[in-house]
Structure formats: structure tokens, C-alpha cells
Amino acid sequence: MVRPLVQFERVERTFGSVRALAPCDLSVQRGELVSIVGPSGCGKSTLLRLASNLDKPTGGRIRFATDSVGYVFQDPTLMPWRTVRGNAELLGRLAGMSRREARAAAEAALATVGLADFADHLPRQLSGGMRMRVSLARSLVINPEVFLFDEPFGALDEITRGRLNLVLLDLFAQRRFAGLFVTHSVEEAVFLSTRVVVMSARPGRIVAEFEVPFDLPRRLDLRYTPEFAQLAGKVATALEEAS
Amino acid sequence: MTDVTVADEAMPEASARQEGRARRRAARGAAAEPADRPGLARRLVRGWVPPLLLALVLIGVWYYVSLVALRPEKRFLLPPPHEIFTEGFADPRVRADILEATWVTTKAAMLGLAIAVVLGSGLVVLMAQASWVRRSFYPWIVVLQTIPTLAMVPVIGFWFGYSLAPRVTVCVIITMFPLVINPLQGMLGASRGLHDLMTLGGANRLTRLIQLQIPAALPDFFTGLQSAAGLSVVGATVGDFFFGRGEIGLGLLISKYTQRLESAPMLAVVFSTCVLGVLVFLAFGALGRRVVGRWSEAWGAR
Ligand SMILES: Nc1ncnc2c1ncn2[C@@H]1O[C@H](COP(=O)(O)OP(=O)(O)O)[C@@H](O)[C@H]1O
Ligand SMILES: [Mg+2]
């Protein structure tokens with residue numbers, strides 16, 4: 001078996017008296033896109049912060065086989081004083097790319113998310129969905145080995161969300177990163193990932209895992225096949241029992 | 001690669017944003033604009049007519065007091081408004097005095113402001129680095145604000161003499177507070193998400209300061225600078241008045257004319273001081289809009 005890029009071993013996280021995460025075992029390797037679904041407040045964001053090393057566990061340990069991490073937060077989190085291009089260049093520059101390299105990578109990433117024509121706009125001139133895509137492009141620039149997504153499309157309308165799901169799947173097919181994708185939509189979880197993890201509330205625990213057998217590339221109409229419906233139904237049942 | 005051309009979604013948050021902006025503008029003392037922005041002419045009318053009408057009323061009251069309520073032998077106490085011009089600005093001697101004094105005061109005010117900007121910004125950068133630095137300085141900044149600086153003018157004169165230096169010192173003390181508190185608030189307000197992003201990118205302290213904290217502090221810095229600029233003119237003028245000697249600035253000129261019972265020239269100086277204050281306020285406002293107006297909604301970005 002391939003060595004996982006991130007491996008949680010009995011990882012716990014408590015905030016004062018609040019147990020956000022009960023002992024948790026989870027690993028993700030290259031070529032895996034693992035979705036995490038669970039009721040709100042069950043510790044999904046906490047888990048991603050731990051996986052990005054922004055936060056440290058209060059128990060157990062996490063093994064990292066890479067420090068190349070991309071993190072798409074729940075909010076776009078853009079710098080309002082930088083243009084779309086400037087925002088997309090930020091991580092590349094921090095990673096030591098030259099001005100020219102970072103610019104080229106930023107423009108390629110913006111084209112990938114369909115924002116090539118908006119490079120000179122400021123974030124405030126964009127809609128919510130467009131800002132989220134800038135945020136995605138910003139992380140693409142560094143081509144991370146581990147890619148974390150915290151409900152990135154949660155606030156978007158159905159159509160935009162479907163399109164961005166395809167963009168993401170396409171990127172995954174090309175780059176085969178190790179992904180953790182938090183969502184509250186069972187459909188999105190099954191459609192996007194190679195594995196779905198269901199968490200329960202307080203303290204957050206992993207209560208069920210489902211392999212997703214569908215081949216890549218996937219098309220949006222996969223969501224209307226009986227096989228898809230059956231698997232989504234199982235995940236939904238597990239989620240309901242967990243809440 | 002999939003060819004994604006995602007349509008530009010509508011902007012449902014636009015109206016909410018506009019509301020927020022109106023609130024912020026109101027908070028800054030600018031006139032709040034209605035959501036459906038009327039034409040330029042209407043806005044000019046709404047912005048200028050009410051204050052001008054008020055000014056006309058006040059001038060009317062002034063004429064009444066001066067020409068009707070006061071007996072002629074007492075009229076020197078409050079000369080009618082036009083005499084500010086006929087006996088003030090029209091008099092070449094008075095005009096020369098005022099120009100000279102304005103220069104003296106502006107010099108002290110701007111020098112004081114510049115020094116306060118440098119000291120204040122340095123302090124803000126230090127205070128943003130660690131909470132223990134912040135906790136050590138914060139109470140003293142507040143204390144600095146409560147010093148009755150003008151009452152201390154005699155002592156300051158005793159220490160620093162009566163030339164430019166003590167006047168500048170007064171301005172620095174008076175303008176420091178908004179130049180620390182405002183940018184500090186902006187700097188600490190940089191979003192936690194952006195800080196996390198810098199951490200993920202492996203940014204060091206200096207990079208974080210330059211790329212994130214300083215830009216985040218700029219809108220509030222300019223808000224502080226604008227109040228400080230107004231304060232610096234007041235500080236230089238009133239400080240001058242209390243020093244009572246040295247180069248003649250606007251404050252000393254006021255006391256000179258007052259002692260000679262020359263009310264009209266005295267009021268001309270007061271009027272000039274107001275104009276200087278307003279000009280400085282407008283100039284620093286324009287500077288703020290120029291630097292951050294492109295992106296900061298508090299500075300007019302739309
Ligand atoms: N920095 C923190 N300080 C205190 N409590 C926190 C902190 N972060 C998260 N929590 C708590 O941990 C629990 C899980 O939070 P979170 O991971 O954000 O949930 P989710 O993302 O699944 O909605 C919540 O009860 C929350 O209040
Ligand atoms: Mg969350």
C-alpha cells in the first residue's frame with residue numbers, strides 16, 4: 001500500500017471543556033478525494049485545520065508526508081486591495097516563485113476556473129461565486145499535494161456549484177492530489193469523491209465510511225443513475241443516524 | 001481540460017453592501033447617500049444648500065446683533081461681518097500679517113503631524129507584533145490623550161523655549177492618539193483567514209507585515225490622519241496663543257489684535273484659521289481617497 005500523505009492516529013482536539021474531535025483515525029493518499037459529511041458543529045473544520053497543520057491536536061498524532069498543502073476556506077478570504085491576479089499570485093510568490101513564474105501560474109489557474117477575463121478586477125467587483133473561484137485558483141497555483149476544501153461551494157447556487165464540481169473533478173483527474181472535501185451535501189460528497197466519511201456530532205467521530213466506485217471522468221448526469229441514488233441513500237441514512 | 005465558462009452570477013449582496021457603505025459613510029461624518037444615487041446636480045444641491053442656508057441665517061443674526069442690538073459705542077465688540085473684509089483682508093498690513101502667521105502655523109502643524117505619523121506608525125507596527133507590547137503601551141497612549149497639553153504650555157516653553165520646537169511638540173502630543181488608535185485597530189482587524197493563509201504560505205513576520213497588516217491598516221490610518229491633520233492646526237494655533245511669544249503664528253496674531261481691540265482684523269484671523277483647518281481636512285481626505293479609494297469602501301470605493 002502507498003504511504004498516506006496525511007495520517008491521523010487517534011487524533012483528538014478539545015477547546016477548553018468542549019470536545020470538538022473524539023479520537024479519530026483517518027488517512028488520505030495520492031489519488032484519493034475523501035469527502036467528509038456531518039452535522040454542523042461536529043468538528044469538520046477542526047479536522048481540516050489539523051490536517052493543514054494550522055492547528056495542533058490535543059491527543060494522538062498526525063503524520064505528514066508532505067508540506068505542500070492547499071486550503072480553500074469556507075469564505076473566499078481574498079485581499080480586497082489586490083486584483084484578482086494579485087490574489088492568485090500570492091501563494092506562488094510566498095512559495096518562492098519569481099514574479100514572472102507566479103504571474104504565469106496565476107493566469108493559467110484563473111483560466112482553469114473561467115476567470116481569465118477578470119484578472120484586473122478587484123474582489124469587490126465580483127460576485128460571491130466568482131470570488132470563490134479566485135480562492136480556488138489561488139491554491140491551484142502552488143499545485144499542492146494535499147488539497148483541503150472547507151464547504152467551498154456551500155453558498156453557491158445549484159448551477160454554479162455543478163460547474164465548479166466538474167472543474168474540481170477535472171483537476172483531480174489531472175493532478176491526482178490527495179483531497180479532503182468537507183460538505184453538507186450528500187449528493188456533492190458522493191459525486192465528487194472516491195470515498196465518503198460520515199461524522200457524528202459532539203464529540204466529532206467518524207461513524208461510517210463508503211467507497212465510491214464510479215470511474216473518472218464523471219458527468220453531471222451520473223447523479224440521476226440508480227447506482228448513484230442507492231449509494232447516496234446509504235450515506236444519507238448513516239448521516240441521519242449520526243445526527 | 002474542461003472549457004468552463006461560468007456565467008457571471010448576479011450580485012445579490014450588492015444592496016446589502018451599499019447599505020453597509022452608507023452606514024460607514026455616515027459614521028465618518030460624510031452625508032449618507034440613498035441607495036438609488038441621484039444625479040450629480042441633485043447631490044450637489046442636497047450637499048450644499050442646507051449648510052449654506054444655515055450660514056445665511058447665522059450671518060443674519062450676526063448683522064442683527066451687531067447693527068441693531070448693540071449700541072454704536074459698543075459695536076467694536078462685534079463688528080458686522082462685511083467689516084472682516086473691509087477692515088481685515090482689504091487692509092494690506094493685516095493681509096501680510098495673516099499670510100506670515102498662516103505660514104508659521106502651517107509649518108508647526110505639518111512638522112508636528114509628520115513626526116507624529118512616523119512615531120505613531122512605528123508604535124503601531126510594534127504593538128501589532130505581540131500582545132504584551134500592546135498591553136504595555138496601550139494605557140500610556142490613553143494617558144497621553146488625557147494630558148491637558150495646552151495647560152502645560154508654560155512648562156513646555158520652560159523646557160524647550162519659545163521657538164518652533166515647543167510648538168511642534170504640542171502638535172505631536174495632540175495628534176498622536178488618532179494616529180495610533182485608528183491604524184492599530186485596522187491592523188488588528190486583518191482577517192484571521194488571511195493570517196492563516198500567510199501561515200500556510202510560510203510567510204515570516206516581515207512579509208506578513210508588508211503584505212497583510214500594513215495594507216489592512218491603511219483605510220483606518222487615513223481616517224486617523226484626517227482627524228490628526230485637523231487637530232494639528234488647532235494645536236499649532238492654540239499652542240501659539242498660549243506660548244505668548246516667539247514667531248507670530250495665527251494664535252499670537254489673534255491675541256495681538258485682541259489686545260489692541262481690533263475686532264475686525266481679529267475675526268479675519270479666526271476666519272483664516274477655519275479656512276486652513278478645512279483645507280487641511282479636505283487635502284488629507286483627498287490623499288486618502290487617492291491611496292485607498294480604489295478598494296476601500298470606507299473611502300468611497302463603489
Ligand atoms: N477556536 C475554537 N475555540 C473554541 N471552540 C472551538 C474553536 N473552533 C471550533 N470550536 C468548537 O468545536 C466544535 C466543532 O467546530 P467546527 O470544527 O467548526 O465544526 P464544523 O466545521 O463541523 O461545523 C464546535 O462546537 C465549535 O464551537
Ligand atoms: Mg465548518
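So, residues 1–34 of chain B: pLDDT, the predictor's confidence in each residue from 0 to 100, stays under 50 there. The model still has 55 contacts beyond four places in sequence for that stretch, a contact being heavy atoms within 4.5 Å. Where pLDDT is low, the predicted coordinates shouldn't be read in detail.

Yes, this is a predicted model, where local features need pLDDT of at least 70 and side-chain atom pairs count only at pLDDT 80 or more, while totals for chains, interfaces and linings use all residues. Residues are numbered from 1 along each chain as its sequence is written, chains are lettered from A and ligands numbered from 1 in the order in which they are written, and side-chain values use heavy atoms, with hydrogens and water left out.

Back to chain B. Its average pLDDT is 84, with 87% of the residues at 70 or above. Among its elements, helix H1(B), residues 14–27, has the lowest mean, 43, and helix H8(B), residues 192–200, the highest, 95. Elements here are DSSP runs numbered from the N terminus: helices are H or I, at least four residues, and strands are E, at least two. For the model, ipTM is 0.92 and pTM 0.84.

Now chain A. Six strands make an open, mixed sheet, ordered E5-E6-E7-E3-E8-E9; strands pair if DSSP finds at least two bridges between them. E5(A), 69–72, and E9(A), 205–211, are the edges, each pairing on one side only. E8(A), residues 195–200, runs antiparallel to E9(A), joined by six bridges. One bridge partner to look up: Val198(A) goes with Ala208(A) in E9(A).
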